Amino acid sequence: MGTYTMNYEEEEPVVIENTRKSTASGRTRDGGTHQFVEFILGHENFAVNLFHTREVITPTEITPLPNAPAYITGIMDLRGIITTIVDLKQMMNIQTSSDGKKRARIIILDQDISKKPVGILVDDVSSVTTYAAGDIDHDADDTAHRGRSILGVIRRKGKEGGKDGHSLVLWLDIHTMIERISGEI
């Protein structure tokens, strides 16, 4: 089993410690589940493979970079390591603003994703979740076709307004997305 700790204190990082190994697709070695960090951009839910992340932090001072693309928010000093911050909402051309009491977070990506330290800025991180393989529709995989970098659609079951309901979470291929902009970061 994996151990996951999420600490939402203003100044403390959210530590994601995983003790399980995975394949590149995000499937764990037990074969029947996938683990994700779920987050919000605008009004929509997205997820990235848990094993592509290192930690979740509350944004601190970010230094803008001159002449950088609009989706590069800037750089920050993360415990002595200069880390490039990518605004995922800007990169994905999502125009809607988030509602409610959401707080911006930065998901620090694992070094396997990029040669340089990179974090992605999101509106809020909602959870670290495990889904059965049957909850994921891989027919929505369009990475090779339209460049949207979606590996699948997760059907999240739960209660909404006192009724059983389903919501959809888009599983992003963050590795491909960062690889596409690697020359800019």
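Five salt bridges are counted in this protein, whose structure is a predicted model. Three of these bridges are described first, followed by the aromatic pairs, the nonpolar core, the overall make-up and the confidence of the prediction.

**Salt bridges**

The table gives the partners and the N to O distance for three of the bridges.

| Acidic residue | Basic residue | N to O distance |
|---|---|---|
| Glu38 | Arg156 | 2.6 Å |
| Glu55 | Arg79 | 2.2 Å |
| Asp123 | Lys89 | 3.2 Å |

In the bridge between Glu38 and Arg156, Glu38 belongs to strand E2 and Arg156 to strand E11 (residues 150-160), so the bridge ties together parts of the chain that are 118 residues apart in sequence. Glu38 has a relative accessibility of 1% and therefore counts as buried. Arg156, at 21%, counts as partly exposed, because the buried class ends under 20% relative accessible area.

The side chains of Glu55 and Arg79 also meet in a salt bridge. This pair links distant parts of the chain, with Glu55 in strand E4 (residues 53-57) and Arg79 in the loop between strand E5 (72-78) and strand E6 (81-87), 24 residues apart. Is each partner buried or exposed? Glu55 is buried, with 5% relative accessibility, whereas Arg79 is exposed, with a relative accessible area of 56%.

The bridge between Asp123 and Lys89 involves the loop between E8 and E9, where Asp123 lies, and helix H1, which holds Lys89; the pair therefore ties together parts 34 residues apart in sequence. Asp123 counts as buried at 13% relative accessibility, and Lys89 counts as buried at 17%. Elsewhere, Arg54, Glu55 and Arg79 are joined into one network by salt bridges that share partners.

**Aromatic pairs**

The count of aromatic pairs comes to three. One of them is formed by Phe36 and Tyr131, whose rings are 6.0 Å apart centre to centre, with 50 degrees between the planes, and the pair is tilted. Phe36 is in strand E2 and Tyr131 in strand E9 (residues 124-132), so far along the chain that 95 residues separate them. Both residues are buried.

Phe36 also pairs with Trp171: the ring centres are 4.9 Å apart and the planes stand at 75 degrees, so this pair is edge-to-face. Trp171 lies in strand E12 (residues 163-172) and Phe36 in strand E2, which means that the pair ties together parts 135 residues apart in sequence. Trp171 is buried, with a relative accessible area of 3%, and Phe36 counts as buried at 0% relative accessibility. Through ring pairs, Phe36, Tyr131 and Trp171 are linked into a cluster.

**Nonpolar core**

In soluble globular proteins, nonpolar side chains tend to be buried together. The largest nonpolar core here has 28 residues, and the members that touch the most others are Phe39, Leu88, Ile107, Ile174 and Ile178. At least two residues of this core come from each of the following elements: strand E2 (33-41), strand E3 (44-49), helix H1 (88-91), strand E7 (105-109), strand E8 (118-122) and helix H2 (174-180).

Which residues does Ile178 contact, leaving aside its neighbours within four places in sequence? Its contacts are with Leu109, Ile113, Ser114, Val118, Ile120 and Ile185.

**Overall make-up**

The protein contains two helices and twelve strands. From the N terminus on, the order of elements is β-β-β-β-β-β-α-β-β-β-β-β-β-α. The protein has 185 residues, of which 43% count as buried. The accessible surface comes to about 10,000 Å², and carbon and sulfur atoms account for 49% of that surface. Among contacts between residues at least 6 apart in sequence, 54% join residues at least 24 apart.

**Confidence of the prediction**

The average pLDDT of the protein is 80, and 72% of the residues score at least 70. Over residues 1-15 the pLDDT stays under 50, and the model has 40 contacts beyond four places in sequence for this stretch. Residues 17-30 also have a pLDDT below 50; for them the model has 37 contacts beyond near neighbours in sequence.

Technical notes
Residues are numbered from 1 along each chain as its sequence is written. Side-chain values use heavy atoms; hydrogens and water are left out. Helices (H or I, at least four residues) and strands (E, at least two) are DSSP runs, numbered from the N terminus. Buried means under 20% relative accessible area, exposed over 50%, partly exposed in between (1.4 Å probe, protein chains only). Contact means heavy atoms within 4.5 Å. Accessible areas come from the Shrake-Rupley method with a 1.4 Å probe; for residues, only the protein chains shown count as cover. A nonpolar core is a set of buried Ala, Val, Leu, Ile, Met, Phe, Trp, Tyr and Cys residues joined through side-chain atoms within 4.5 Å. Rings of Phe, Tyr and Trp (its six-membered ring) pair if their centres lie within 6.5 Å; planes under 30 degrees apart count as stacked, over 60 as edge-to-face and the rest as tilted. A salt bridge is a side-chain nitrogen of Lys or Arg within 4 Å of a carboxyl oxygen of Asp or Glu. pLDDT is the predictor's confidence in each residue, from 0 to 100.
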